[in-house]
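Reader: I should like to learn how to read burial, packing, cysteines and charged pairs in a protein model. Might we take these topics in turn?

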Amino acid sequence: MKFLIINGPNLNLLGLREPDIYGKQDYAALCALCRATCAENGIEAELFQSNHEGAIVDAIQQAYGKVDGIVINPAAYTHTSIAILDALKAVGLPAVEVHISDVSQREDFRQISYAGKACIKTYMGLGFEGYRQAILYLKDYLEKK
């Protein structure tokens, strides 16, 4: 089993960026948690981060036929990118959406998730733990399929 774990803009600045919202752990710690969770569960992990919408779309498209599922935190593109939504729908891979903060409790413009419309589940407000839960949920979903 292989998962693509995608992180969108500014997540590379974890630890520096608004630590009261996103925590003090850095992006390397997030990657380590994702890799460890996957390894402990017999999953091969491919991690990808970009600040560029088109690069994220390309990564989703290139995942077709190569991975079994996607864990995605589109970050700010969550609320703006129909292109990412369309890419997720086009490849038809099961995807789980993750947000470190609870976006439902934040600004009005964060209340819509385009990417989430193509995802089988969303985790938000759990910090890095949301990634672990997303990986485990996706594994379970695929094993039951």
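Author: We begin with a term: a residue counts as buried when its relative accessible area is under 20%, and as exposed when that area is over 50%. Please note that the model is predicted.

Reader: Which residues of H5 are buried?

Author: In H5 the buried residues are Gly130, Tyr131, Ala134, Ile135, Leu138, Lys139 and Leu142. The helix itself covers residues 129–144, 16 residues in total. From first C-alpha to last, H5 reaches 23 Å, close to the 22 Å expected at 1.5 Å a residue.

Reader: Against which elements do the buried residues of H5 pack?

Author: Packing is read from contacts, that is, from heavy atoms within 4.5 Å. The buried residues of H5 pack against four strands and one helix: S1 (2–7), S3 (69–73), S4 (95–99) and S5 (121–124), together with helix H2 (27–40). Ile135 offers a case in detail. Setting aside neighbours within four places in sequence, Ile135 is in contact with Phe3, Ile5, Cys34, Thr37, Cys38, Ile43 and Val71.

Reader: How many residues has the largest nonpolar core, and which have the most contacts inside it?

Author: A nonpolar core joins buried residues of nonpolar kinds through side-chain atoms within 4.5 Å. The largest such core has 24 residues, and those with the most contacts inside it are Ile5, Leu14, Val71, Tyr131 and Ile135. The elements that give two or more residues to this core are S1, H2, S4 and H5. A second, separate core has 20 residues, including Ile6, Ile70, Ile84 and Val91.

Reader: How many disulfides does a search of the whole structure find?

Author: The test is a distance: two cysteine sulfur atoms must lie within 2.5 Å. A search of the whole structure finds 0 disulfides. For Cys34, the nearest cysteine sulfur is that of Cys31, 6.6 Å away. For Cys119, the nearest is that of Cys34, at 15 Å.

Reader: Are Cys34 and Cys119 buried or exposed?

Author: Cys34 is buried, since its relative accessible area is 0%. Cys119 is also buried, with a value of 15%.

Reader: How should I read a salt bridge, and how many does the structure hold?

Author: Side chains of opposite charge can pair when their charged atoms come close. The structure holds 6 salt bridges. One of them joins the side chains of Lys2 and Glu46, at 3.6 Å from N to O. This pair links distant parts of the chain, with Lys2 in strand S1 and Glu46 in strand S2 (residues 44–49), 44 residues apart. Glu46 is partly exposed, at 37% relative accessibility. Lys2, Glu44 and Glu46 are linked in a network of salt bridges.

Reader: Which residues form salt bridges within helix H5?

Author: Glu129 pairs with Arg132, the closest N and O atoms being 2.6 Å apart. Both lie in helix H5, 3 residues apart, about one turn of the helix. Glu129 is partly exposed at 29%, and Arg132 is partly exposed at 31%. Glu143 forms a salt bridge with Lys139, with the closest N and O atoms 2.9 Å apart. Glu143 and Lys139 are 4 residues apart in H5, again about one turn of the helix.

Reader: Is each partner of that second pair buried or partly exposed?

Author: Glu143 is partly exposed, with a relative accessible area of 49%. Lys139 counts as buried because its relative accessibility is 18%, and the limit for burial is under 20%.

Key. Residues numbered from 1 in each chain as written. Predicted model: local features only at pLDDT ≥ 70, side-chain atom pairs only at ≥ 80, totals over all residues. Heavy atoms only, no water. Expected span 1.5 Å × (residues − 1). Buried < 20%, exposed > 50% of the residue type's maximum accessible area, 1.4 Å probe, protein only. Salt bridge = Lys/Arg side-chain N within 4 Å of Asp/Glu carboxyl O.
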